[in-house]
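Open the structure in your viewer and keep the selection tool at hand. Each stop below says what to select and what is there.

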Amino acid sequence: MTADQGGKLRVTIVGSGLAGLTAARILREQHDVTVYERSGAARATGGQGLSTTPNAIRILDSVGFDRARAGSVKSRGYRTYDKAGRLVQEIDPRHEETFGVPALTHLRADVRNELLRLATAPSDELGIRGHPARVVFETPVTGLDAEKGVVTLEDGSTVEADVVIVADGIHSRLRELVLRSAEHKPKKAGLTCFRSSLLAEQARAALGQLPNWWTEHYHMFAAGKDGTDRFILLYPTRNLESMNMSCIFQTREENKDTTESWDANGDVEEMLGVYHDFDKNVTKLFRVVNEIKMWELQDLDPLPTWCRGRAILIGDAAHAMTPMQGQGANMSIEDGEAFRLLVQPGVSADRVPAILRRIDELRRPRVDQVVKNTRESSFGLSAEERFTRLFQNADYNGIVDYATKRAAP
């Protein structure tokens with residue numbers, strides 16, 4: 001029986017990050033979706049803040065993403081400063097004028113929570129057809145038969161599905177089972193990131209008032225420009241009530257904890273030491289931040305394929321990239337939306353492998369180019385060059401539109 005005649009595919013999604021939950025929201029309208037998450041319900045993995053650009057915003061809008069619930073902050077653009085705090089340039093990309101939608105900034109946890117709601121809320125509450133996805137927390141998936149669509153859970157039980165979507169992150173346990181090779185591992189980028197956040201009241205206490213880039217909805221980008229490739233990116237989140245802080249510099253000492261986890265603890269004195277000669281108004285903020293996390297940036301070389309049989313890799317499991325273009329989360333949202341090809345008329349279980357190959361054929365070259373551009377943005381580029389590459393991604397309008405444009409003569 002085909003899906004448009006009333007049949008439903010059994011969909012297993014491994015991982016409840018941005019990619020997995022976007023896929024769950026798309027697929028729940030027509031299929032039976034179960035998401036397995038190895039962590040608990042309260043855990044929102046990976047990073048404090050994220051920037052969502054028009055390519056992702058169009059997708060989020062299309063699935064009912066509630067900007068008010070997510071505390072979205074509309075970004076007006078970018079202000080770049082030298083390390084002494086002098087304004088160098090103001091870049092206004094005019095996102096809404098150019099692309100029809102704004103760029104937004106968020107706390108990552110707020111975006112994830114809203115996607116979780118969209119994946120699991122009652123259908124009548126969302127005004128959509130189908131049934132909510134089921135999310136099973138604290139249930140690691142440890143094995144996969146990609147050809148048969150069977151996953152093995154940590155307790156040894158197995159689950160059979162028509163589709164298995166592997167969205168279990170950069171250190172994916174299942175990647176090698178899809179690729180039938182263990183050689184595709186994350187590679188260090190030579191850069192380390194301190195990341196943190198702070199509340200508006202903390203910033204006011206430290207500085208006397210909020211910086212104008214904060215109140216005027218700008219990203220603040222400060223670069224050393226002294227051969228050290230140190231820079232700081234700050235931007236407001238959660239209805240201007242908090243701020244994201246990412247401080248990136250060349251790795252000085254490799255550490256297993258900062259390689260294998262997003263959540264290794266950083267040290268404020270070390271962060272102050274790295275940025276000792278930066279604007280004092282910025283380093284004052286360092287002293288009042290909430291907990292500091294630290295990780296060595298990594299990415300993946302392009303994979304030969306994302307799919308095998310009934311299984312497909314998406315998100316960081318397929319294409320982990322550094323935050324140097326701010327596109328990791330955006331590409332993950334694009335990946336999740338690509339499963340619209342599984343809710344088209346005529347979809348049936350026996351067509352799943354071919355549809356997954358089509359998703360791979362469309363998505364992989366685009367994302368490989370984004371990874372390439374991101375790598376080229378890692379060292380030595382000016383802020384303007386970095387942002388120009390970022391804007392090149394923004395005209396994407398979903399998988400169906402992309403496939404149509406690719407097919408046009």
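At what angle do the axes of helix α1 and helix α4 cross? Select residues 18–27 for α1 and residues 108–120 for α4. This is a predicted model. The two axes come within 8 Å and cross at roughly 25 degrees. An angle under 35 degrees counts as roughly parallel, so α1 and α4 are roughly parallel to each other. The crossing of α1 past α4 is left-handed.

Now show side chains at this contact. From α1, pick Leu18, Leu21, Thr22, Ala24 and Arg25. They meet Arg108, Val111, Arg112, Leu115, Leu116, Leu118 and Ala119 of α4. By class, the contact holds eight nonpolar residues, one polar and three charged.

**The open sheet**

Next, colour the strands of the open sheet. It has six strands, in the order β8-β2-β1-β12-β19-β18. The pairing in this sheet is mixed. Which strands are at the edges? They are β8 (134–136) and β18 (307–308), each of which pairs on one side only.

Select β1, residues 10–14, together with β2. These two strands pair in the parallel sense, over five bridges. For one bridge, pick Val14, whose partner in β2 is Tyr36.

Stay with β2 and follow the chain onward. In the loop between β2 (32–36) and β3 (49–52), stop at Ser39. Is Ser39 buried or exposed? Its relative accessible area is 14%. Under 20% counts as buried, so Ser39 is buried despite its place in a loop. Beyond its neighbours within four places in sequence, Ser39 is in contact with Phe137 and Glu138.

**A helix enclosed by the structure**

Go to helix α2, residues 54–62. How many of its nine residues are buried? The count is seven, so α2 is largely enclosed by the rest of the structure. Select the buried ones: Pro54, Asn55, Ala56, Ile57, Arg58, Ile59 and Leu60. Then show what they pack against. The partners are β3, α3 (95–99), β7 (103–107), α4, α13 (328–337) and α14. α4 was also part of the contact at the opening stop. After α2 comes Gly64, with a positive phi near 85 degrees.

**Helix α14**

Select α14, residues 352–376. This helix lies across β12 (163–166), β18 and β19 (311–313). Those strands belong to the six-stranded open sheet. Relative to β19, α14 runs at about 15 degrees.

Add helix α16, residues 399–407. How do α14 and α16 pack? Their axes are 11 Å apart, at an angle of about 85 degrees. Angles of 65 to 115 degrees count as roughly perpendicular, so that is how α14 and α16 are related.

Show the side chains here too. Arg358, Glu361, Leu362, Arg363 and Arg366 of α14 meet Ile399, Tyr402, Ala403 and Arg406 of α16. This contact has four nonpolar residues, no polar ones and five charged.

**Two hairpins that share a strand**

Select β9 (residues 141–145) and β10 (residues 150–153). β9 and β10 pair in the antiparallel sense, over four bridges. One pair to display is Val141 with Leu153. The two strands form a hairpin with four residues between them. In the turn, Gly149 has a positive phi of about 75 degrees.

Add β11, residues 158–160. β10 and β11 are also antiparallel, with three bridges. Val150 stands opposite Glu160 in β11. Again there is a hairpin with four residues between the strands. Its turn holds Gly156, whose phi is positive, about 95 degrees.

Which residues of β10 are on its covered face? They are Val151 and Leu153, while Val150 and Thr152 are on the uncovered face. In a regular strand, side chains alternate between the two faces of the sheet.

**Last stop: a loop with positive phi**

Select the loop between β15 (231–237) and β16 (242–250), and find Arg238 there. Most residues other than glycine have a negative phi. Arg238 is not a glycine, yet its phi is positive, about 45 degrees. Asn239 lies in this loop as well. Its phi is also positive, near 55 degrees. Show the surface to finish. Arg238 counts as partly exposed, at 35% relative accessibility. Asn239 is partly exposed too, at 42%.

Notes
Residues numbered from 1 in each chain as written. Predicted model: local features only at pLDDT ≥ 70, side-chain atom pairs only at ≥ 80, totals over all residues. Heavy atoms only, no water. Axes fitted to C-alpha atoms, helices over the stretch in contact; angles between N-to-C directions. Parallel < 35°, antiparallel > 145°, perpendicular 65-115°, else oblique. Left-handed = near helix turned anticlockwise from the far one by under 90°. Contact = heavy atoms within 4.5 Å. Nonpolar A, V, L, I, M, F, W, Y, C, P; charged D, E, K, R; others polar. Buried < 20%, exposed > 50% of the residue type's maximum accessible area, 1.4 Å probe, protein only. Pairing = 2+ DSSP bridges.
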